[in-house]
Amino acid sequence: MLKKILVFSFSFIGDAVLSTSVIQPLRRHFSDAHITFLVGPRAFDLLATDPNIDAALVYDNQGEHAGWKGRLRLIKTLRLGKFDLVVNLRDSLMARCIGAEHWGMVRGESNRHAVTRYLEVLQRHGVDITDASPRLGLTEAEDTAAHRFLADAGLTPERLLIGIHPGGNWVYKLWDAENYALAANALRKEQHAAILLFAGPNERELQAQVAKMMDAPPILVQTENLRHLAALISACDVYIGNDTGPMHIASAVDTPVVALFGSTNHIRSGPYGKKHTVVQSGIDLGCNPCHPGRNPGGCGAGSCEVIAGITVEQVLDAVERYTSLVTIPNSRNFSFK
């Protein structure tokens, strides 16, 4: 009998990506499962067409589902879906009102990775979580579009491709723009790397600032299509960035990540898995990490000395550990008719 499963996921892109870690074990345990993800509007476009997910629904708590009337409207809609099981990763009271079996979050030590806590929800009910991790599936058409973009930008198959995202949704997370430019310059000079410079919709000025300080123009990525973004990150040999949603996208498409952390807690929200590297300065002000909890940004400084203390050399050393092992795959073909 078909098992209809609803996963209560998240509004923020990074959190939604991390929640995909439950898909593989659920499919192993329920071989005939139909899996629907409930996500916020920002993450919907990323997951709605993912081949690993059967369907996606929007929970817009700032729009049509705001307030108690909006939540009642959503509950009514979800009850019509006649789900057999709700996997409640956001610890939402609404999830208990769907009229289905409910698997909720496990109470325990909070200073653990989000993925660990999500997988415990399944493990508690006898689901094998071996090798489970966040995964985003890309279609052949999405991979082709990304490769065409890179070919049109002049990238040749033999070039090492480094993705850099200097942005983030909180100023205290950000490593200095000049440092990103210096790292990009060194990678281009020492490893003949091509640089793919990413920016979100509100980060174009920062992207332009970094590009202007670089010795040679990078390939600028300004897409608002998260699926296209994921495919471009997937084409990179290494991804470098702050604690952001794209960092988790990189991990979920199996691109090695060099993640810079200072004010946020890498134990809880770092890139998941042993394939990735977290770089920190080693500076301890006694207040870091301040997020989550601990009065985030309460210092009022406008920037974080802890992440500012990360050196360019630290980042280059972390990247080199990956690039020294890179063999440009024969399948990287940027020639299209």
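Guide: Helices, of at least four residues, and strands, of at least two, are DSSP runs numbered from the N terminus. This is a predicted model, and its protein chain has 13 helices and 11 strands.

Visitor: Okay, and what radius of gyration does the chain have, set against a compact globule?

Guide: The protein chain has a radius of gyration of 21 Å, which agrees with the value near 20 Å that a compact globule of 337 residues would have. Along its principal axes, the C-alpha trace spans about 60 × 55 × 35 Å.

Visitor: What percentage of the residues are buried?

Guide: Buried residues make up 51% of the 337 residues in the protein chain. As for the surface, the chain exposes about 15800 Å², and carbon and sulfur atoms supply 49% of that area.

Visitor: Let's go to the strands. Which strands does S1 pair with in the parallel sense?

Guide: Strand S1, residues 3–8, pairs in the parallel sense with strand S2, residues 33–39, over six bridges, and four bridges join S1 to strand S4, residues 85–88, again with the two running parallel.

Visitor: Which residues are the bridge partners there?

Guide: Leu-6 has Thr-36 as its bridge partner in S2, while the bridge partner of Phe-8 in S4 is Asn-88.

Visitor: What about S6, is it mostly covered or open?

Guide: Strand S6, which covers residues 160–165, is mostly covered, since six of its six residues are buried. Leu-160, Ile-162 and Ile-164 point one way from S6, whereas Leu-161, Gly-163 and His-165 point the other way, and all of them are buried.

Visitor: And which strand is joined to S6 by five bridges?

Guide: That is strand S7, residues 193–198, which runs parallel to S6, and in this pairing Leu-160 stands opposite Ala-193 of S7.

Visitor: Where is Asp-237, and is it buried or exposed?

Guide: Asp-237 is found in the loop between helix H9, residues 226–234, and strand S9, residues 238–241. Asp-237 counts as buried because its relative accessibility is 11%, and buried means under 20%. The C-alpha atom of Asp-237 is separated by 5.9 Å from that of Ile-162, although the two residues are 75 apart along the chain.

Visitor: How about Lys-212, buried or exposed?

Guide: Lys-212, in helix H8, residues 204–213, counts as exposed because its relative accessibility is 74%, and exposed means over 50%. The C-alpha atoms of Lys-212 and Glu-178 are separated by 9.8 Å, with their positions 34 residues apart along the chain.

Visitor: Switching topic: which residues does a cis peptide bond join?

Guide: One cis peptide bond joins Asn-288 and Pro-289, with omega about -5 degrees, and another joins His-291 and Pro-292, with omega about 5 degrees. Pro-289 is placed in the loop between strand S11, residues 277–279, and helix H12, residues 305–308, and Pro-292 lies in the loop between S11 and H12 as well.

Visitor: Why point those out?

Guide: They are pointed out because most peptide bonds are trans, and most residues other than glycine have a negative phi.

Visitor: So which residues other than glycine have a positive phi here?

Guide: Among them are Lys-82, with a phi of about 50 degrees, and Asp-254, with a phi near 70 degrees. Lys-82 sits in the loop between helix H4, residues 67–80, and S4, and is exposed, with a relative accessible area of 64%. Asp-254 has its place in the loop between helix H10, residues 245–252, and strand S10, residues 257–260, and is partly exposed, with a relative accessible area of 41%.

How values were computed: Residues numbered from 1 in each chain as written. Predicted model: local features only at pLDDT ≥ 70, side-chain atom pairs only at ≥ 80, totals over all residues. Heavy atoms only, no water. Rg over C-alpha atoms; globule rule 2.2 N^0.38 Å. Buried < 20%, exposed > 50% of the residue type's maximum accessible area, 1.4 Å probe, protein only. Areas by Shrake-Rupley, 256 points an atom, 1.4 Å probe, with all protein chains shown as cover. Pairing = 2+ DSSP bridges.
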